[in-house]
Amino acid sequence: MSKSLPRVRACWLGSVPYRDAWDLQATLVRELREGAGEDTLLLLEHPHVFTMGKAASAADILWDEDERARRGVEVVWSDRGGEATYHGPGQLVGYPVIDLARLDVSIPDYIGGLERSLITYLGELGIDAVPGEPGLTGVWRNGEKLAAIGIKLNRSVVSHGLALNLTTDLTYFDGIVPCGHAELRPTSVQAITGKRIETESAAPSYASSFAAEFGVELRWVDPETVRATRRVSPEGTPVRS
């Protein structure tokens, strides 16, 4: 008899403010650590926000308060690893909240798996992408960044995750030093192919790549099933990526 695959519930949350998604992840992490939760893949997009990881500094924000207000950009100092990045409409965000011990996956293998899952999905769109050079996580094409990865580890439970530029307005990256590298530029699926792929339609296709990469079975659930958790303050140990 073949062994059944580990199960991960997945849901599309739509557009979610960054702090709300952060609080939701913290609750899911706590439940997993207490043995009462489920491994979960959250798929969503954010309103305009600059998120500052544990390695970020105020100097990484290039737009002043007036310019950020004009463009409707929030700034949030986050507990994820990494430096400054941008999230916004047209960007598919994935937050796997998973106990890696259940999957018997190390942190380096997990980050590499996230990169490979994105590369597989982009290959289906006709885009030849590659992982970053040493010290540059994420997914790249011709020296331009298509997807960012930044995670947090709380014992064996990971949260935060990935952000893939689909139809993202790339001018918003001008407001920060992205991931600590001012010389590196972002790109998007739309900029490369001319095709407009909406985040909601991309979510299940990417999720299939995630499931295949990590050898799990997805169980899609109503977002209210996941949202019906109480809010808690984030805690844990950041992992730089």
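**Entry 1: Y206 and F210**

I looked up F210 and found a relative accessibility of 1%, so F210 counts as buried. The model I am reading is a predicted one. Y206 is also buried, and its relative accessible area is 0%. I then checked how these two are placed along the chain. Both belong to helix α6, which runs over residues 199-214, and being four residues apart they are separated by about one helical turn.

**Entry 2: aromatic pairs**

How many aromatic pairs does a search of the whole structure find? I noted ten. For one of them I took the rings of F50 and Y86, whose centres are 6.1 Å apart; their planes meet at 70°, so I entered this pair as edge-to-face. F50 sits in strand β3 (residues 49-52) and Y86 in strand β5 (residues 84-87), so the pair ties together parts that lie 36 residues apart in sequence.

Are these two buried or exposed? F50 has 0% relative accessibility and counts as buried. Y86 is buried as well, with a relative accessible area of 0%.

I went back to Y206 and F210 for their rings. The centres are 6.4 Å apart and the planes stand at 55°, so I wrote this pair down as tilted. The cut-off decides the label, because planes count as edge-to-face when they are over 60 degrees apart.

**Entry 3: a cluster of rings**

I followed the ring pairs outward from F50 and Y86. Ring pairs link these two with W63, Y172 and F173 into a cluster. I also looked for a charge by Y172. R71 lies over the face of the Y172 ring, at 5.5 Å from the ring centre.

**Entry 4: the largest cavity**

Next I looked for empty space inside the model. Rolling a probe the size of a water molecule over the atoms shows where such space is left. I counted three cavities of 30 Å³ or more. The largest cavity has a volume of about 230 Å³.

Which residues lie nearest the centre of the largest cavity? They are R80, A148, I149, G150 and C179, out of 25 that line the cavity. Three elements give two or more residues to this lining: β5, β9 (144-154) and β10 (157-165). I sorted the lining of the largest cavity by type and got nine nonpolar, twelve polar and four charged residues.

**Entry 5: the second largest cavity**

The second largest cavity has a volume of about 160 Å³. Its lining has 18 residues, and K145, F173, P178, C179 and P186 lie nearest the centre. F173 I had already entered as part of the ring cluster. C179 I had already listed by the centre of the largest cavity.

Strands β5, β9 and β10 each supply at least two residues to the lining of the second largest cavity. Which element gives the most to this lining? I found that β9 does, with four residues. By type, the lining of the second largest cavity divides into twelve nonpolar, four polar and two charged residues.

**Entry 6: helix α1**

Last, I checked helix α1, which covers residues 18-33 and has 16 residues. From its first C-alpha to its last, α1 reaches 23 Å, close to the 22 Å expected at 1.5 Å a residue. I then looked at how covered α1 is. Of its 16 residues, 13 are buried, and I noted the helix as mostly covered. After α1 comes G35, which has a positive phi, near 80°.

Definitions and conventions. Residues numbered from 1 in each chain as written. Predicted model: local features only at pLDDT ≥ 70, side-chain atom pairs only at ≥ 80, totals over all residues. Heavy atoms only, no water. Phe/Tyr/Trp six-rings, centres within 6.5 Å; stacked < 30°, edge-to-face > 60°. Buried < 20%, exposed > 50% of the residue type's maximum accessible area, 1.4 Å probe, protein only. Lys NZ or Arg CZ within 6 Å of the ring centre and 35° of its normal. 1 Å grid on protein atoms, 1.4 Å probe; cavity = no way out; pocket = protein on both sides within 12 Å on 5 of 7 lines; lining within 4 Å. Points joined across faces, edges and corners; volume = space filled by probe spheres on them. Nonpolar A, V, L, I, M, F, W, Y, C, P; charged D, E, K, R; others polar. Expected span 1.5 Å × (residues − 1).
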